[in-house]
Amino acid sequence: MLWSLLTAFVVAGIHGVATAASTAGPAACVTFDINWNLLAFGFNGKDYNAGTQDTWGSSSPPTDITTQGRPPFDSPNTTCYLAQFFNAIYVLNADNSSPSSIYIYDVAKASWSKQSVDAGTFDPTNFAAILDHDTNVFYSYSGADLFSLDMQSQTAAISSAIPWKEVQKPDLSTDSDGTTTPGANTAGYQPVMALAQNHVHFLGVPGLAAGNAKIFVIHFSFMQPTPQFYGTAFPDTHGKTASFFLDAGVQQEFAFIPDDGSATYVINVESNTTKTLTGPPQQDPFASYSASTSALVQLTPGGQVAFLAYDPNTTTSGGTWATISKLPSALGSASSSGTSSAGGSTPTGNTTSSSSGKNSSSGSPSGSSSGSSNNNSGAVSGVRLGAGIFLAAGMALFGMLAM
């Protein structure tokens, strides 16, 4: 009887720890520099340059770029963004002790600095964000409000705090009557934000017809009242996104991966069309994504990194994902903080990635960058997971001794 009871406690304990470990995104992050080298940050206390896509299958190790001033990478759901004009990487939600701060990595100087931020009414523990390509301004959805934060031309922190500013309460209504209603249809929305042509695309909006997005035009600070259809009925559900960069100009395409990992949809905002590619190898709703000009990269909370090669001119469907074994696993890079902050949204309804042009949607004025963001509850930590298993084993041993 005692053994049965203790066995039940052990199983429940292991299940509880495993559940906690699976309900948050990676504390590590991956992104690219302007030469399309894959940069991996927060991999077991180290940062790496894995080189360009043609070297990812080689047996040579990545270059260790770990240096002083880096963030601790101790908070789940860390996100990294490339500022393409400045070859700088902005890292959000990487410091559990200072959740609103932004860390800046100057690629050319291989140096870190920490930028203080005035959060105001912005919630740094619950948001999704994109970094606009042309303006170098973050746009974020938090608490049913749209916020902006201007990074100007920063490749290093400045002495004064920079502020999150409220832009507007977005209209996420799904009707097509052409009227704008601030704050409409935002209740409970877990944001899925994507960037292309200096427009923010909101996917997974409640009640939105499959294959549609609601669009915010950055340069005119204008929320298009009617949804835009992109040619294929990709599901109206929560998922993650990443924008494909161009060597010059603003992004024209972004990838959308639903939480169930059933497919990878690539939406082209110039032609208003959608390609259906192979879903990622790990069907993990808490994975994060980044993209270059020719690859979509997945990082799972378990630390695995894989990529899907992509050519906008020749890739029309399918595709094969491959593991980037050149990088070590990032497992355990989330420290034992025991808390979860968020840079995006939870699976129920999200995340993202830049260059210049005009969006053909609804004929609105036009105007792109990268990032992924996800805000998920729970915590992922190798230390916590190990402690939970150790506790469960101890309880099992006690049960056997008590028999």
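The structure holds 22 aromatic pairs, where rings of Phe, Tyr and Trp (its six-membered ring) pair if their centres lie within 6.5 Å, with planes under 30 degrees apart counted as stacked, over 60 as edge-to-face and the rest as tilted. The model is a predicted one, in which local features need pLDDT of at least 70 and side-chain atom pairs count only at pLDDT 80 or more, whereas totals for chains, interfaces and linings use all residues. Residues are numbered from 1 along each chain as its sequence is written, and side-chain values use heavy atoms, with hydrogens and water left out.

The rings of Phe122 and Phe127 have centres 5.2 Å apart and planes at 55°, so this pair is tilted. Phe122 counts as buried at 4% relative accessibility, and Phe127 does so at 2% (buried means under 20% relative accessible area, exposed over 50%, partly exposed in between, with a 1.4 Å probe and protein chains only). Phe122 and Phe127 belong to one aromatic cluster that also includes Tyr81, Tyr90 and Trp164.

Turning to a polar residue, Gln197 is placed in the loop between β15 (192-196) and β16 (199-203), strands being DSSP runs (E, at least two residues) numbered from the N terminus. Gln197 counts as buried at 1% relative accessibility, and a polar contact of 2.6 Å joins its side chain to that of Glu270; such a contact is a pair of N or O atoms within 3.5 Å, of which, within protein, one must be able to donate a hydrogen and the other to accept it, and residues adjacent in sequence count only if both atoms are side-chain atoms.

How values were computed: Helix = DSSP H or I, 4+ residues; strand = E, 2+ residues; numbered from the N terminus.
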